[in-house]
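I opened a new page for this chain and kept my notes in the order in which I looked things up.

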Amino acid sequence: MSTNTKSVKLPKVPFWAQILAGLVLGVLLGWTARSQDVSWLVTTLEKVGDTFVGLLKLAVAPLVFFAILVSVTNLRKVNNAARLASRTLLWFMITSLIAVSIGLVIGLLTNPGAGTGLTPQDGAKPKTTGSWIDFLTGIIPTDVITPFTQLNVLQIVFMAAVAGIAALQLGEKAQPILTLSESVLELLQKALWWVIRLAPLGTVGLIGNAIATYGWDLIGKYATFTADIYVGCLIVLLGVYPTLLATVAKVNPVQFFKGAWPAIQLAFVSRSSVGTMPLTQKVTERLGVPREYASFAVPFGATTKMDGCAAIYPAIAAIFVAQIFDLRLGIGDYLLIAFVSVVGSAATAGLTGATVMLTLTLSTLGLPMEGVGLLLAIDPILDMIRTATNVAGQALVPVLVSAREGLLDRKAYEAVAASPVEEPQRVAAAT
């Protein structure tokens, strides 16, 4: 006697739905932990969030080095490589200038430092600050080990770029090193993909701990400033970027967000452009950008392209700090803010937080460094939307440049669909 059995397949939950569920659960657990004073739950949420971010950071140093090295050498496979690189840098600067201008306008219209009840005494000087001298001299490492142990991403980028250019000069003699580098990069991306799959769980811990630690009172005290950052980022994300896609690239902006959405949502949760980089590169390729060019533009952007952290945020924050300390900013100061944002964005280095960029801006303007201390508590909440904006911009520029240079696969772009996160091999096989 034989029986026919049918296997029941459970529906696959989209990645965005998993993230959303993590957000909701994190808020509920965080609120419960704070309102009921459940200390063990606060500790658990903190450990879960810290572990997730720690896993992301674990791969940052080798990932950046091999990604930049391979991306530089991959340019040899692209026609007009120098032109593409210069156009990419140009659009990085253009979009940063637009973003910082929007930040300045919002800050001037809303006066984010007024009526907060905060005083200069509430601030404290940060342990480390950024300056132009530190920024310029800090690019070149004194040894090859310290940048990796201290996670100095800017120095790692410098060493990787030099190694990549040297490999190009050596030609065939460097091929074994390039083959090994490509294999190591794939290994790192594979391992990081496993961490990315843990993002919904990490979301529970990160959001829950933020709510449990700070509650809603802190957001209320910084209400105008918080709203300014979110509004500024959303204007860039949903206003400037779609406009550039429609007018410069002449493509449908909706398709861009369909394709880039997995990377944007992971960036929102992880607060790390570098941690999101493998996914950003895959969604960029899925949008029709040639792989050889995407493998250069995305790693380069993940360490230098920061519209949220290095443009909108320091512009509004500088106005906020000036108002708290009752200092007036003039036209020259606003021009300096724009200059710092466009030129100094590499100082943020794609890691969570934008404190280095803020200290660089404040020191350039001569504003009190105690202003940084006023903003540290609210920073995790702000960093989510800032990083999402960063990553969207990092995917946007390769699409713009590819479209302008006639390299964009428009059929692939129009066919892209909002799909859950896929492993790199699956994405590669589908394209």
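**Entry 1: a leucine in a loop**

I began with L198, which I found in the loop between α8 (175-197) and α9 (199-221). I noted early that I am working from a predicted model. Is L198 buried, partly exposed or exposed? Its relative accessibility is 39%, so I put it down as partly exposed, since that class lies between 20% and 50%.

I then looked for what L198 shares on the surface. It belongs to a nonpolar patch together with L55, L58 and L201. I wrote down about 380 Å² as the accessible area of these four residues together.

**Entry 2: the chain as a whole**

I stepped back to the overall counts. The protein chain has 20 helices and zero strands. Of its 431 residues, 54% are buried. The exposed area of the chain comes to about 19,100 Å², and carbon and sulfur atoms supply 64% of it.

I also looked up how far apart in sequence the contacts reach. I took contacts between residues at least 6 apart in sequence, and 85% of these join residues at least 24 apart.

**Entry 3: two helices, α2 and α3**

One residue of the patch, L58, took me to helix α2, which covers residues 39-58. Helix α3 covers residues 60-74, and the two helices pack at an angle of about 35 degrees. I noted that their axes are 5 Å apart.

Which residues meet there? On the α2 side I listed L56, K57 and L58, and on the α3 side V60, A61 and P62. The residues of this contact divide into five nonpolar, no polar and one charged.

I stayed in helix α2 for L41. Its relative accessibility is 10%, so I counted L41 as buried. Leaving out residues up to four places away in sequence, I found that L41 touches L29 and A33. I also checked L41 against G208, which is 167 residues away along the chain, and their C-alpha atoms are separated by 9.3 Å.

**Entry 4: salt bridges**

I turned to charged side chains next. Side chains of opposite charge can pair when their charged atoms come close. I counted eight salt bridges.

I looked at E405 and R87, whose side chains meet in a salt bridge at 3.3 Å, N to O. E405 lies in the loop between α18 (379-404) and α19 (410-415), while R87 is in helix α4 (residues 81-110), so the pair ties together parts that are 318 residues apart in sequence. Both partners went into my partly exposed column: E405 has a relative accessible area of 21%, and R87 has a relative accessibility of 28%.

The next pair was D307 and K305, with the closest N and O atoms 2.8 Å apart. Are these two residues buried or exposed? D307 is buried, at a relative accessible area of 0%, and K305 is buried as well, at 1%.

My last pair was R386 and D383, which form a salt bridge with the closest N and O atoms 2.8 Å apart. The two are three residues apart in helix α18, so about one helical turn separates them. I marked R386 and D383 as buried. I followed the shared partners from there and arrived at one network of salt bridges, made up of R271, D379, D383 and R386.

How values were computed. Residues are numbered from 1 along each chain as its sequence is written. This is a predicted model: local features need pLDDT of at least 70, side-chain atom pairs count only at pLDDT 80 or more; totals for chains, interfaces and linings use all residues. Side-chain values use heavy atoms; hydrogens and water are left out. Patches are made of residues with over 30% relative accessible area and no salt bridge: like charges are joined within 9 Å, nonpolar side chains (Val, Leu, Ile, Met, Phe, Trp, Tyr) within 5 Å. Accessible areas come from the Shrake-Rupley method with a 1.4 Å probe; for residues, only the protein chains shown count as cover. Helices (H or I, at least four residues) and strands (E, at least two) are DSSP runs, numbered from the N terminus. Buried means under 20% relative accessible area, exposed over 50%, partly exposed in between (1.4 Å probe, protein chains only). Axes are lines fitted to C-alpha atoms, for helices over the stretch in contact, and angles run from 0 to 180 degrees between N-to-C directions. Contact means heavy atoms within 4.5 Å. Ala, Val, Leu, Ile, Met, Phe, Trp, Tyr, Cys and Pro count as nonpolar, Asp, Glu, Lys and Arg as charged, and the others, Gly among them, as polar.
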